[in-house]
Amino acid sequence: MDLVVAKYGGSTIGDGGKYIPNIIKNIKQLSVDSKVMAVFSAPLVLERGESRSITDVVMWVGYNAERGIPPDLEPVRKLYDDISLMVDESLRQECQDTIKTFLSRCQDALERSYNERKFSDINRAQALGYSGELLMSCVMNYILQSNDIKSSFVPYEKWPIITSEAYEYTNFLAAESKKQLQPTLDIIKEYDVTCMGGFIGKTLTGKMSTYERGGTDRTAADMGILLQRYYNVRIVWEKNRAVASADPKMVKSGLLEVKYLSYNEARMAGMFGMKILDTMAIKDILDNDVYVPLQITDMQDSSHTTIIQRSVNNDDNHPIKIVTGLGNCAILRLRSSKFLDLQNSLEQVKRYNEFVPLSPYTKNNMWFSRILFSDGNYVRRNEEYLLKFDPTATIVYNRGAITLIGDDMWRVQHVVSKIAFQVGEAGINILNMDAQEETSRIIIIIEDFKSNLPKAIRAIHDIHQDIHFI
């Protein structure tokens, strides 16, 4: 039997839930010939003319609680009260009682943060979960039932996503999750649509945990990993657009729609700036060695779709698929003899993978390795840990990393020289360029200063259509 894991993010829900009718229509279409697991992000609220995720709102309330400001959830309550008006009158009181219960649990977590002057760990996880994804999945279940859809939801007591003991930035434990899957399978079997909150996990000891921001994408991937043994699974991340050849906020003209990405291309693009998909979703799929059909789809027009598959596909007939970049990066330089110890510790102990080794170099007859971290804030928080591996190590902050995405770029003549010339012509100094034939990877390091990053991305994107296969 076919099953679609469909993820709906905040932007597809819309301010105050204004796009929920589109989600209902989309789920009805998907459920014609498939079971559907609908994974929901936290909704958006409009504040002073600006869209904000409920996650951001509650985090702000939590950080204020740390500073001694009593927590106030009134904007959150009002949002859900407004959304509950989409529920049929026969179910509305039950829905509103559920909202009240969940927000009471969120309030309790925030009160503990206020009393302890600490918004982190289990308090943070519960505040975000009970106000965001978990609650939204319950409310959406009532809305779907109100529209004659046979639906249910996964209660947290039967949660299938088991994670490491970290409450924040936690990691998916596939083997343990498979042991907890049966209650969810029972729900899927009985109903046409199963609603579930994203971003949230449960530790081995039964405590609530959270993924990184954007973690609802990852939840959809993890459920695909768990369910592919029982169903013909397809994962669809429903978005407002398909993948483009650059960030539309940085490049306003000449954008191309990317029809195909390999797992590797999607992983690298996500790590270095492509915001449309959480890179950890692809990592979990790769780590668990499964093949599940993946696609990013414009929910308004499914003809605009990016298909992500295991191996490269060049039906796009273009060697450079995406030009992307990320600011606030950091580079750690250390003796090469210490590099493997640090790499193993990051991956096995810290369970952290958001870094890329750059090409080593030699100085004064000694080899040095360099590691590019995509999150300078992570490096700042963990400086002591990173530097203990080599007392001579140094860290450089405020770096921008521009990445060209395309597994077949190695087949292009003069691609590195053309790109370097274009960045230089834009008046930007290249601090380092790392190109590897084996991985078909090109990373350009610049100073993350003022408008350097978007200017360099625009400069490269302006000529990327003129670069062709040999």
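Reader: Which backbone oxygen does the side chain of Lys 35 reach?
Author: This is a predicted model. In it, Lys 35 sits in strand S2, residues 35–40. Its side chain comes to 2.9 Å from a backbone oxygen, and that oxygen belongs to Lys 189.

Reader: Which side chain of opposite charge is nearest to Lys 35, and how far away is it?
Author: Lys 35 is buried and has no salt bridge. A salt bridge needs the two charged groups within 4 Å. The nearest side chain of opposite charge is Asp 192, at 4.7 Å.

Reader: Which residues is Lys 35 in contact with, leaving aside its neighbours within four places in sequence?
Author: One group is Met 1, Asp 2, Leu 3 and Val 4. Another group holds Ile 188, Lys 189, Glu 190, Tyr 191 and Asp 192. The list is completed by Tyr 231.

Reader: In the open sheet of six strands, what is the strand order?
Author: The pairing in this sheet is antiparallel. Strand S15 (355–363) and strand S18 (432–436) are the edge strands, each pairing on one side only. From one strand to the next, the twist averages 30°. The order is S15-S16-S14-S17-S19-S18.

Reader: In S17, what is the bridge partner of Gly 325?
Author: Strand S14 (residues 322–335) and strand S17 (residues 394–405) run antiparallel and are joined by nine bridges. In S17, Gly 325 is partnered by Ile 402.

Reader: Which helix packs on the sheet, touching S14, S17 and strand S19?
Author: Helix H13 (residues 336–349) lies across S14, S15 and strand S16, at about 120° to S14. The helix touching S14, S17 and strand S19 (441–447) makes about 125° with the direction of S14. It spans residues 452–464 and is helix H17.

Reader: Is Ile 402 buried or exposed?
Author: Ile 402 is found in strand S17. Its contacts include Val 323, Thr 324 and Gly 325, and also Leu 453, Ala 456, Ile 457 and Ile 460. Its relative accessibility is 0%, so Ile 402 counts as buried.

Reader: What separates the C-alpha atoms of Ile 402 and Thr 324?
Author: Along the chain, Ile 402 and Thr 324 are 78 residues apart. Thr 324 is among the residues in contact with Ile 402. Their C-alpha atoms are separated by 5.8 Å.

Reader: Which strands stand at the edges of the open sheet of three strands?
Author: This sheet has the order S6-S8-S9, with mixed pairing. S6 and strand S8 (residues 200–203) run parallel, joined by two bridges. Each edge strand has a single partner strand, so one side is left without a neighbour in the sheet; the edge strands are S6 (162–163) and S9 (208–210).

Definitions and conventions
Residues numbered from 1 in each chain as written. Predicted model: local features only at pLDDT ≥ 70, side-chain atom pairs only at ≥ 80, totals over all residues. Heavy atoms only, no water. Helix = DSSP H or I, 4+ residues; strand = E, 2+ residues; numbered from the N terminus. Buried < 20%, exposed > 50% of the residue type's maximum accessible area, 1.4 Å probe, protein only. Lys, Arg positive; Asp, Glu negative; His and termini not counted. Polar contact = N/O pair within 3.5 Å; in protein donor to acceptor, adjacent residues only side chain to side chain. Contact = heavy atoms within 4.5 Å. Pairing = 2+ DSSP bridges. Axes fitted to C-alpha atoms, helices over the stretch in contact; angles between N-to-C directions.
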